[in-house]
Amino acid sequence: MTNLNYQIYKGVIVTANKRYSDRWQMQASVTIQTNPNYTEYPALNNAGAANPTGVEFTNGISSINRYLFKLNGAYSLPWGVTVSGNLNVNDGGNRTLSINGPGQVPLGSVSATGATQTITYGTLNFQPTGSTRFQPIKLLDMGLSKTFALRGGKNRLKVMLDGFNLFNINTVTNWSSSNLSTTAFNQPSSIVPPRVVRFGAQFGF
């Protein structure tokens with residue numbers, strides 16, 4: 001069979017670049033996007049036109065991140081010290097909520113042998129896609145480095161201090177379950193790692 005389902009992506013990306021001059025450089029971008037999914041009726045599922053349950057919650061609705069923002073740059077301080085930063089702000093992803101379904105229910109039709117046809121609903125969605133989202137993620141990383149010239153410039157020693165997730169956010173990026181009927185609904189399964197500070201050195205010869 002030919003799958004008649006399709007998607008239409010629409011997006012706008014705005015970028016700005018500052019080349020390195022006057023000791024600093026910067027790049028920034030903003031993405032605004034949508035990607036609605038369409039399900040061609042009656043080819044909704046294996047039951048065909050007899051069971052369009054829940055199609056209004058997904059048909060023509062986008063589930064991807066609505067916006068993405070990126071900003072990074074660097075500045076050259078005196079004495080060979082360089083400071084750099086990277087900021088990412090992403091819209092929260094879609095969380096499709098559901099509840100326990102009624103199990104097997106009749107389709108209102110019979111098979112070729114006259115048996116009643118049924119379909120099983122383990123879970124049921126009850127709201128449009130995108131109604132509930134994860135929290136936006138705001139990550140800021142920064143670095144500080146200094147290069148020492150050794151042996152008249154024949155060798156170089158670079159010492160670095162880097163900080164990751166300086167806002168120290170603890171945003172939940174996934175849950176054990178999105179089924180409101182289960183106890184795992186409020187149990188996070190993935191969280192943004194905490195703030196990390198790293199010291200490093202690099203020797204060139």
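This report walks through the fold, the strand pairings, two buried loop residues and a surface patch of one protein chain.

**Overall build**

Keep in mind that this is a predicted model. The protein chain has zero helices and 14 strands, so it's β from the N terminus onwards. With a radius of gyration of 26 Å against the 17 Å that the globule rule gives for 205 residues, the chain is more spread out than a compact globule. The box tells you about the dimensions too: along the principal axes, the C-alpha atoms fill roughly 95 × 35 × 30 Å.

Buried residues come to 21% of the 205 residues. About 13400 Å² of the protein chain is exposed, and carbon and sulfur atoms supply 57% of that area. As for contacts with a separation of 6 or more, 61% of them link residues 24 or more positions apart.

**How the strands pair**

Start with the open sheet: three strands, in the order S1-S4-S5, with antiparallel pairing. Strand S1 (6-7) and strand S5 (61-62) each have a single partner strand, so they sit at the edges and one side of each is left without a neighbour in the sheet. S4, residues 36-38, is joined to S5 by two bridges, and if you look along that pairing you'll find Pro36 opposite Ser62.

Further along the chain, S11 is worth a look. On one hand, strand S11 (residues 155-164) pairs with strand S10 (residues 137-150); on the other, S11 pairs with S14. The table sets these pairings beside the one between S4 and S5.

| Strands | Sense | Bridges | A facing pair |
|---|---|---|---|
| S4 and S5 | antiparallel | two | Pro36 and Ser62 |
| S10 and S11 | antiparallel | nine | Leu150 and Asn155 |
| S11 and S14 | antiparallel | nine | Asp162 and Arg198 |

S10 and S11 form a hairpin with four residues between the strands, where Arg151 takes a positive phi near 55°. Leu150 and Asn155 face each other across the two strands. As a general reminder, strands of a sheet pair through backbone hydrogen bonds.

**Two buried loop residues**

Is Leu97, in the loop between strand S7 (81-90) and strand S8 (98-110), buried or exposed? Its relative accessibility is 9%, under the 20% cut-off, so Leu97 counts as buried. Setting aside neighbours within four places in sequence, Leu97 is in contact with Leu124, Asn125, Phe126, Gln127, Thr132, Ser178 and Phe185. The C-alpha atoms of Leu97 and Ser177 are 8.8 Å apart, although the two residues are separated by 80 residues along the chain.

Asn179 is another loop residue, between strand S12 (172-175) and strand S13 (188-191). At a relative accessible area of 8%, Asn179 is buried. Beyond four places in sequence, Asn179 touches Ser98, Ile99, Asn100, Thr123 and Phe185. Phe185 also turns up among the contacts of Leu97.

**A nonpolar patch on the surface**

Which residues make the nonpolar surface patch of about 640 Å²? They are Trp24, Tyr75, Leu77, Leu144, Leu161, Val197 and Phe199. Strand S6 (67-77) and strand S14 (196-204) each supply at least two residues of the patch.

Val197 is a handy one to zoom in on. This residue belongs to strand S14, and its relative accessible area is 51%, just enough to pass the 50% cut-off, so Val197 counts as exposed. S14 is also the strand that joins S11 through nine bridges, and it holds Arg198, the bridge partner of Asp162.

Methods
Residues numbered from 1 in each chain as written. Predicted model: local features only at pLDDT ≥ 70, side-chain atom pairs only at ≥ 80, totals over all residues. Heavy atoms only, no water. Patch = residues over 30% accessible without salt bridge, like charges linked within 9 Å, V, L, I, M, F, W, Y side chains within 5 Å. Areas by Shrake-Rupley, 256 points an atom, 1.4 Å probe, with all protein chains shown as cover. Salt bridge = Lys/Arg side-chain N within 4 Å of Asp/Glu carboxyl O. Buried < 20%, exposed > 50% of the residue type's maximum accessible area, 1.4 Å probe, protein only. Pairing = 2+ DSSP bridges. Contact = heavy atoms within 4.5 Å. Rg over C-alpha atoms; globule rule 2.2 N^0.38 Å.
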